[in-house]
Amino acid sequence: MAQEPQTQGPDIPEDLVKIAQDNNIPLDLVRRALALGFPAEAVKQQLAMPGVTAEAAEQFISQQEAMRAGGEVVIPDDLAEAAKKHDWPDELVKRGLRLGATAEMLISQMDAGLRPDQAERFITQQERLRGAAQPGAARSAEAGEQALDLSWMKVPTEWGIRVRPGKKGLTVGALNVGTYGDIPDYWPYQTEMPRGAYPIPGVPAMGYTIYEKAELWSDNAADLYEEAIQRRWRPATDIPWESIEPLPDEIERAMCQLCTFFCEKALLAGDTVGKWLPEMSYGYHEVKLYLATAEFDAARHFEVFRKRALCNGGGMGIQSPGYFHRAIIDARAWTETSAVLHILSNSFLMGLYQLGEYVAHSEAESNIFRLCIQDTARQLAFGLGHLKYFLIRKHDRREEVHTYFNKAEAVMVYDDENDNVLREALIILLGGGLIKEQILDGYRKLEYFKRRWVRDYLARLESAGLPERRERLHYSLKKYAEEPVAAQAA
Amino acid sequence: MTQGGVKTRASFPSTEWFEAVRSLVNSDEQYRRIGTCDAVVGVKVPDRQKYYLLTFEAFECSEVKESTEQEVDNADFWLEAPFEKWKELITNVKDNGKADLHHTLNTIDLEDPQGFARSRDGYKRDLFYRFNQSFQYFFDLSSKIETTFPN
């Protein structure tokens with residue numbers, strides 16, 4: 001594009017010239033925007049926004065020029081309605097418009113809880129700065145002295161917060177005080193701006209897709225995050241690896257096969273949560289923080305079971321069929337993913353970890369399984385917390401939740417029925433060997449444990465507000481739904 | 001717990017026994033390192049009609065008290081076993097310095113068809129799993145007490 005001749009008005013920085021030319025915005029328009037007092041950085045951000053046209057820019061600048069020339073500032077109807085609802089005086093709204101704020105931005109600020117007195121302080125500050133930047137205005141800085149733009153110090157966020165540590169130290173949950181504790185049902189920002197900060201125009205959207213609290217929230221998320229951080233453990237040094245002694249070949253092979261299965265489950269959990277984190281908007285950081293620890297749990301579980309498989313003369317076993325893995329990772333909504341991964345899959349996994357601790361041959365194995373039980377229990381707690389929150393707020397989607405479980409239970413049962421490798425490994429571990437009586441004993445115990453995990457799964461769903469799942473359970477699992485009748489395992 | 005080389009003696013089940021373990025736990029740096037634990041845990045010894053409530057809060061066991069069965073039923077979860085099973089557990093801990101592989105809380109829970117850890121709420125029962133290491137450590141510390149068992 002050919003360079004336009006320079007006309008009267010402020011000089012345009014070179015990078016701004018390039019952005020204007022790249023977006024087919026006449027330089028004269030840019031010059032008029034600068035003359036109005038808009039900072040070059042703000043103009044740059046606006047021009048870089050997708051869909052900006054010369055016509056729209058012309059219209060906006062003409063309106064601004066008319067206002068500055070004493071023309072009447074007209075408050076659009078939707079803005080007037082929002083201002084009335086939030087007790088913002090008309091004059092304050094007009095001052096905001098004169099500064100170049102769009103009606104949409106002002107409504108968004110009102111809905112986000114910005115009080116009129118906070119807005120007043122911010123607008124006054126902006127007016128003062130804008131006045132100082134006008135052509136011909138006296139500059140405060142002497143020649144050669146670096147001037148600081150301290151307008152950011154007047155950010156209209158809630159100030160003077162002094163959260164004190166409690167018995168557990170200074171926790172994330174404790175920070176939810178005043179306006180910072182206001183967690184909206186809908187998060188209006190598409191950027192990574194933290195909740196409680198003040199938005200600026202022009203920041204590119206981050207591509208999140210979940211903006212509704214009911215779609216991801218769990219009341220226990222902040223506490224679970226702290227719990228996960230507090231109760232973290234290190235497989236390299238917290239497990240007494242030296243306590244592991246050589247085992248009979250069939251037992252070592254069965255344990256290694258079980259470890260292989262757990263490694264797969266851990267990789268799946270990590271991939272699944274990792275896929276959903278970028279979809280969740282930042283208004284609900286408690287959930288994002290907790291899930292980040294769940295990601296770390298998954299990595300740790302992969303690590304510890306790979307270490308167990310490779311530390312006692314064994315190795316990795318055979319891959320599992322993995323039909324159920326696809327049911328989890330292919331889920332199209334977070335609530336479905338959480339229900340299937342955190343509640344259904346983890347109930348089953350919890351049962352296996354308990355079983356692993358029950359058949360442990362060393363202090364190391366016992367510790368590994370107990371520590372994994374703790375991590376998995378947190379994930380179960382998150383899943384149940386989210387399902388409960390979702391069901392209370394989305395009455396009309398209760399049937400949809402059953403559909404999630406119908407589908408996932410069916411695939412999990414199919415997976416289980418086709419996974420002879422895992423079943424045989426469990427029978428050997430529970431029976432203690434390959435002798436006929438041991439196999440029979442192992443089989444009986446496995447059936448007993450299945451009853452326990454189905455019982456626990458249903459009790460969890462009942463606590464989350466889905467007691468009728470007992471009647472709708474997949475028919476292959478229903479046979480395990482009665483109370484365990486005999487302590488075969490004992 | 002030793003005082004001038006003399007271990008605390010306490011009878012199980014009794015408030016004194018749980019107080020003695022609580023005192024050990026609250027002065028044990030390793031317990032604190034396990035991490036925060038928040039739960040109200042009941043203990044039932046039904047054949048002796050003895051019921052207790054243990055309150056775990058942040059990095060300590062903040063309270064133990066004798067209670068009624070009804071109050072224990074409202075705890076987050078409770079640990080229930082006949083007197084002889086409790087005696088076996090505590091004796092095993094005493095003999096080994098901590099529970100051996102066959103007497104961990106999880107193993108005892110699995111062996112009981114109704115569960116050693118019970119609750120009226122599936123979510124709250126999972127606190128037994130979430131803080132399992134803390135509860136195991138609590139009972140393991142009873143190895144430092146001279147426990148007596150009344151006939």
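**Chain B, overall**

I began with the secondary structure of chain B in this predicted model, and I counted eight helices and nine strands there. I then looked up its radius of gyration, which is 14 Å and close to the 15 Å that the globule rule gives for 151 residues, so I noted chain B as being as compact as a globular protein of that length. Along the principal axes, I found that the C-alpha trace of chain B spans about 45 × 35 × 30 Å.

For burial, I noted that 57% of the 151 residues of chain B count as buried, and that the chain exposes about 6,200 Å², with carbon and sulfur atoms supplying 44% of that area. When I took the contacts in chain B between residues at least 6 apart in sequence, 66% of them turned out to join residues at least 24 apart. I also checked the charges of chain B, where the mean positions of the 19 positive and the 26 negative ones lie 3 Å apart.

**Chain A, overall**

I next turned to chain A, in which I found 20 helices and zero strands. Its radius of gyration is 31 Å, well over the 23 Å that the globule rule gives for 490 residues, so I recorded chain A as more spread out than a compact globule. The box filled by the C-alpha atoms of chain A, taken along the principal axes, is roughly 100 × 50 × 50 Å.

Of the 490 residues of chain A, I noted 49% as buried, and I put the accessible surface of the chain at about 23,600 Å², of which 55% belongs to carbon and sulfur atoms. Among the contacts in chain A with a separation of 6 or more, residues 24 or more positions apart account for 75%. For the 57 positive and 72 negative charges of chain A, I found mean positions that are 4 Å apart.

**The nonpolar cores**

Which residues touch the most other members of the largest nonpolar core? I found A:Phe305, B:Phe18 and B:Phe135 in that role, within a core of 144 residues. Helix α15 of chain A, residues 363–393, contributes the largest share of this core, with 15 residues.

I followed A:Phe305 further and, leaving aside its neighbours within four places in sequence, listed its contacts as A:Cys259, A:Phe262, A:Cys263, A:Tyr353, A:Ile368, A:Phe369 and A:Cys372. I also noted a second, separate core of 19 residues, which includes A:Met67, A:Ala82, A:Leu106 and A:Leu114.

**Helix α9 of chain A**

I then examined helix α9 of chain A, residues 221–230, where seven of the ten residues are buried, so the helix is largely enclosed by the rest of the structure. The buried residues that I listed for α9(A) are A:Ala221, A:Ala222, A:Leu224, A:Tyr225, A:Glu226, A:Glu227 and A:Ala228. What do these buried residues of α9(A) pack against? I found α12 (285–309) and α15 of chain A, together with α7 (127–130) of chain B.

**B:Asn132**

Finally I looked up B:Asn132, which is found in helix α8 of chain B, residues 132–140. Is B:Asn132 buried or exposed? Its relative accessible area is 1%, so I entered B:Asn132 as buried. Leaving aside its neighbours within four places in sequence, I found B:Asn132 in contact with A:Arg231, A:Arg370 and A:Gln374.

Key
Residues are numbered from 1 along each chain as its sequence is written. Chains are lettered from A and ligands numbered from 1 in the order in which they are written. This is a predicted model: local features need pLDDT of at least 70, side-chain atom pairs count only at pLDDT 80 or more; totals for chains, interfaces and linings use all residues. Side-chain values use heavy atoms; hydrogens and water are left out. A nonpolar core is a set of buried Ala, Val, Leu, Ile, Met, Phe, Trp, Tyr and Cys residues joined through side-chain atoms within 4.5 Å. Buried means under 20% relative accessible area, exposed over 50%, partly exposed in between (1.4 Å probe, protein chains only). Helices (H or I, at least four residues) and strands (E, at least two) are DSSP runs, numbered from the N terminus. Contact means heavy atoms within 4.5 Å. The radius of gyration is taken over C-alpha atoms; the globule rule is 2.2 Å times the number of residues to the power 0.38. Accessible areas come from the Shrake-Rupley method with a 1.4 Å probe; for residues, only the protein chains shown count as cover. Lys and Arg count as positive and Asp and Glu as negative; His and the chain ends are not counted. The place of a charge is taken as NZ of Lys, CZ of Arg, CG of Asp or CD of Glu.
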